[in-house]
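Got your viewer open? Let's take a walk through this one together, one selection at a time.

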Amino acid sequence: MSAPLTLDDLSATGAHRRGHFLLSSGLHSGDYLQCALHLAHPRRAEAAGRQLAAAIRASGARPELVVGPAMGALIIGHETARALDLPFLFTERADGSMCLRRGFAVAPGQPVVVIEDVITTGKSTLEVIAILEEAGAEVVAVGSLANRTGQPNPFAPMAYHALLELSFPTWRAEECPLCG
């Protein structure tokens with residue numbers, strides 16, 4: 001297996017940035033992860049996908065399908081699916097709500113793993129899980145490149161594995177010390 005992912009790895013590719021950022025969760029932070037910059041390097045993306053696949057196998061989960069939300073999870077979801085030798089589907093936002101991409105479907109009872117790039121609050125991942133469960137799929141595990149929730153498993157009791165655990169402070173807009 002390749003070396004574990006580190007914050008230095010993300011910084012080396014420009015994927016970890018410092019400043020003042022409005023995250024997709026609506027929170028503010030002095031740190032931002034643009035994992036697409038790290039995953040733009042095919043060997044790095046492949047290594048990360050293999051590491052997530054190994055963690056999923058080690059958890060005992062036996063998915064038949066990998067699903068990830070567009071856009072952030074497209075590369076890491078695909079690489080994880082490739083390492084697991086499984087199909088990869090993705091979701092998209094249409095009219096403000098999350099849905100499976102047109103033409104994609106899951107079977108009732110089908111075991112699925114959800115892959116993300118970064119988990120900050122878990123909101124979009126929970127939306128994907130809800131869509132899959134409404135369609136009858138059984139979500140058996142979640143994986144991500146980075147977990148910045150501050151919780152080791154924000155999806156307990158479901159299996160969850162992140163390649164990197166990070167603790168960056170976040171604030172609501174009215175509490176943000178970086179807002180000037």
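Start with the charges. Select the 14 positive and 18 negative charges of the chain: their mean positions are 6 Å apart. Keep in mind as you click around that this is a predicted model.

**Zoom out to the whole chain**

Switch to a cartoon view. You should find five helices and nine strands. Follow the chain along its sequence and tick off the pattern: α-β-β-α-α-β-α-β-β-β-α-β-β-β.

Now show just the C-alpha atoms. Along the principal axes, they fill a box of roughly 50 × 40 × 30 Å. How does the radius of gyration fit with a compact globule? For 180 residues, such a globule would have a value near 16 Å, and the chain has 16 Å, so the two agree.

Next, turn on the surface. About 9,100 Å² of the chain is accessible, and carbon and sulfur atoms account for 52% of that. Hide the surface again and think about the inside: 44% of the 180 residues are buried.

Contacts are worth a look too. Take those between residues at least 6 apart in sequence: 60% of them join residues at least 24 apart.

**Select the aromatic rings**

How many aromatic pairs does a search of the whole structure find? There are four. A pair like this is described by the distance of the ring centres and the angle of the planes.

Select Phe-155 and Tyr-160 to see one of these pairs. The rings sit edge-to-face, 5.4 Å from centre to centre, with 65 degrees between their planes. Are these two buried or exposed? Phe-155 has a relative accessible area of 6%, so Phe-155 is buried. Tyr-160 comes in at 12%, so Tyr-160 counts as buried as well.

Then pick Phe-88, Phe-90 and Phe-104, which form one aromatic cluster.

**Last stop: a glycine in a loop**

Find β5 (97-100) and β6 (111-119), and look in the loop between them for Gly-109. With a relative accessible area of 46%, Gly-109 is partly exposed.

What does Gly-109 touch, if you skip residues up to four places away in sequence? Select Gly-136, Ala-137 and Glu-138 to see the answer. Try drawing a distance line from Gly-109 to Gly-136: their C-alpha atoms are 5.8 Å apart in space, although the two residues are 27 apart in sequence.

Technical notes
Residues numbered from 1 in each chain as written. Predicted model: local features only at pLDDT ≥ 70, side-chain atom pairs only at ≥ 80, totals over all residues. Heavy atoms only, no water. Helix = DSSP H or I, 4+ residues; strand = E, 2+ residues; numbered from the N terminus. Rg over C-alpha atoms; globule rule 2.2 N^0.38 Å. Buried < 20%, exposed > 50% of the residue type's maximum accessible area, 1.4 Å probe, protein only. Contact = heavy atoms within 4.5 Å. Areas by Shrake-Rupley, 256 points an atom, 1.4 Å probe, with all protein chains shown as cover. Lys, Arg positive; Asp, Glu negative; His and termini not counted. Charge placed at Lys NZ, Arg CZ, Asp CG, Glu CD. Phe/Tyr/Trp six-rings, centres within 6.5 Å; stacked < 30°, edge-to-face > 60°.
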